[in-house]
Amino acid sequence: MNLALADDIACVESDSPAAAVGAMAMKYAFSPEGFKAAIPNVETILRKMSSAEQATLVEKIILYLGEYIDESTVEELQMAWKSIGQRMGFVSAGDARRAAEKAGREEGLEKGLEKGFDNALDIMRKLGIPEEKIQEAKAMQEKASSK
C-alpha cells in the first residue's frame with residue numbers, strides 16, 4: 001500500500017485511531033511541512049484515544065520517525081499533547097531523554113566549534129600569519145561567542 005495516497009479525511013474518520021495516525025505519520029514522514037499542516041487532523045484522531053494511548057503513540061512517532069521529521073515538527077507534536085508525566089507533574093522518561101539529547105547536541109556543537117577554531121588558529125600560524133592578526137581573530141571569536 002502506498003501511504004502517500006492515504007486520504008487524510010478517511011484517516012480522521014477511521015475506526016482505528018492508532019492505525020490512522022500511523023498512516024498519516026508515514027504519509028508525511030518526508031514532508032515536514034505537510035506533516036505540520038496535518039497536525040490538526042492528527043489531533044482530531046488522537047482525541048479518540050485515551051491519554052496513555054496518545055502519549056505512547058506520539059512517543060512512537062518521535063522515536064521511529066524522528067530522524068525524518070524536522071525538529072520543529074517534533075516540538076509541535078510534543079506541545080500538542082503533553083505527556084502523561086507532564087500532566088501529572090513529573091518528567092517522563094521521554095522528556096528526560098529528549099532533554100539529554102538536546103544538551104548533548106549543544107555541548108557537542110560547542111566543543112566542535114572550539115576545536116575547529118583552535119585548528120584554524122594553528123593553520124593561520126603555519127601559513128605565517130602574524131601573531132598580532134591571530135590574536136585579533138581570537139579576540140573577535142571570543143567576543144562573538146560571549147553573546
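In this predicted model, D122, R125 and E131 are linked in a network of salt bridges. One link of the network joins the side chains of R125 and D122, with N and O 3.8 Å apart. Both residues lie in helix α7. They are three residues apart, about one turn of the helix. R125 is partly exposed, because its relative accessible area is 38% and the exposed class starts over 50%. D122 also falls in the partly exposed class, at 39% relative accessibility. The third member, E131, belongs to the same network. Helix α8 spans residues 131-145.

Salt bridges also occur elsewhere. The structure holds seven of them. Side chains of opposite charge can pair when their charged atoms come close. A second pair in helix α7 is formed by E107 and K111. Their side chains meet at 3.0 Å, N to O. These two residues are four residues apart, again about one turn of the helix. E107 is partly exposed, with a relative accessible area of 44%.

R47 forms a salt bridge with E43. The closest N and O atoms of this pair are 3.6 Å apart. R47 sits in the loop between α3 and α4. At 59% relative accessibility, R47 counts as exposed, because the cut-off for that class is over 50%. E43 has a relative accessible area of 21%. E43 is therefore partly exposed, since buried means under 20%. R47 can also be placed relative to a residue far back in the sequence. P17 lies 30 residues away from R47 along the chain. The C-alpha atoms of R47 and P17 are separated by 8.9 Å.

Helix α3 covers residues 32-46. This helix is bent. A kink of about 45° lies at I39, shortly before the proline P40. I39 is also one of the buried residues of α3. The others are G34, F35, K36, A38, V42, I45 and L46. The list thus includes K36, a lysine, along with residues such as F35 and V42.

The overall fold is helical. The protein chain has eight helices and zero strands. Along the sequence, the pattern reads α-α-α-α-α-α-α-α. Of the 147 residues in the chain, 31% are buried. The accessible surface comes to about 9700 Å². Carbon and sulfur atoms account for 58% of that surface. Contacts also link distant parts of the sequence. Among contacts with a separation of 6 or more, 55% join residues 24 or more positions apart.

The interior was examined next. In soluble globular proteins, nonpolar side chains tend to be buried together. The largest nonpolar core here has 24 residues. Six of these residues touch the most other members: C11, V21, M24, I45, L46 and I61. Several helices contribute to this core. At least two residues each come from α1 (8-12), α2 (17-27), α3, α4 (51-65) and α5 (71-80). I45 and L46 also appear among the buried residues of α3.

I61 shows how such a core member is surrounded. Residues up to four places away in sequence are left out of this count. I61 then touches V21, A25, G66, I69 and L77. A second, separate core has five residues. Its members include F117, L121, M124 and I134.

Helix α4 also contains A55. A55 counts as buried, because its 15% relative accessibility is under the 20% cut-off. Q78 lies 23 residues from A55 along the chain. Their C-alpha atoms are separated by 9.0 Å.

Nonpolar side chains are found on the surface too. I123, L127 and I129 make a nonpolar surface patch of about 290 Å². L127 is found in the loop between α7 (93-126) and α8 (131-145). At 65% relative accessibility, L127 counts as exposed, because this value is over 50%.

Note on methods. Residues numbered from 1 in each chain as written. Predicted model: local features only at pLDDT ≥ 70, side-chain atom pairs only at ≥ 80, totals over all residues. Heavy atoms only, no water. Patch = residues over 30% accessible without salt bridge, like charges linked within 9 Å, V, L, I, M, F, W, Y side chains within 5 Å. Areas by Shrake-Rupley, 256 points an atom, 1.4 Å probe, with all protein chains shown as cover. Salt bridge = Lys/Arg side-chain N within 4 Å of Asp/Glu carboxyl O. Buried < 20%, exposed > 50% of the residue type's maximum accessible area, 1.4 Å probe, protein only. Bend = angle between axes of the 7 residues up to and from the residue. Core = buried A, V, L, I, M, F, W, Y, C linked by side-chain atoms within 4.5 Å. Contact = heavy atoms within 4.5 Å.
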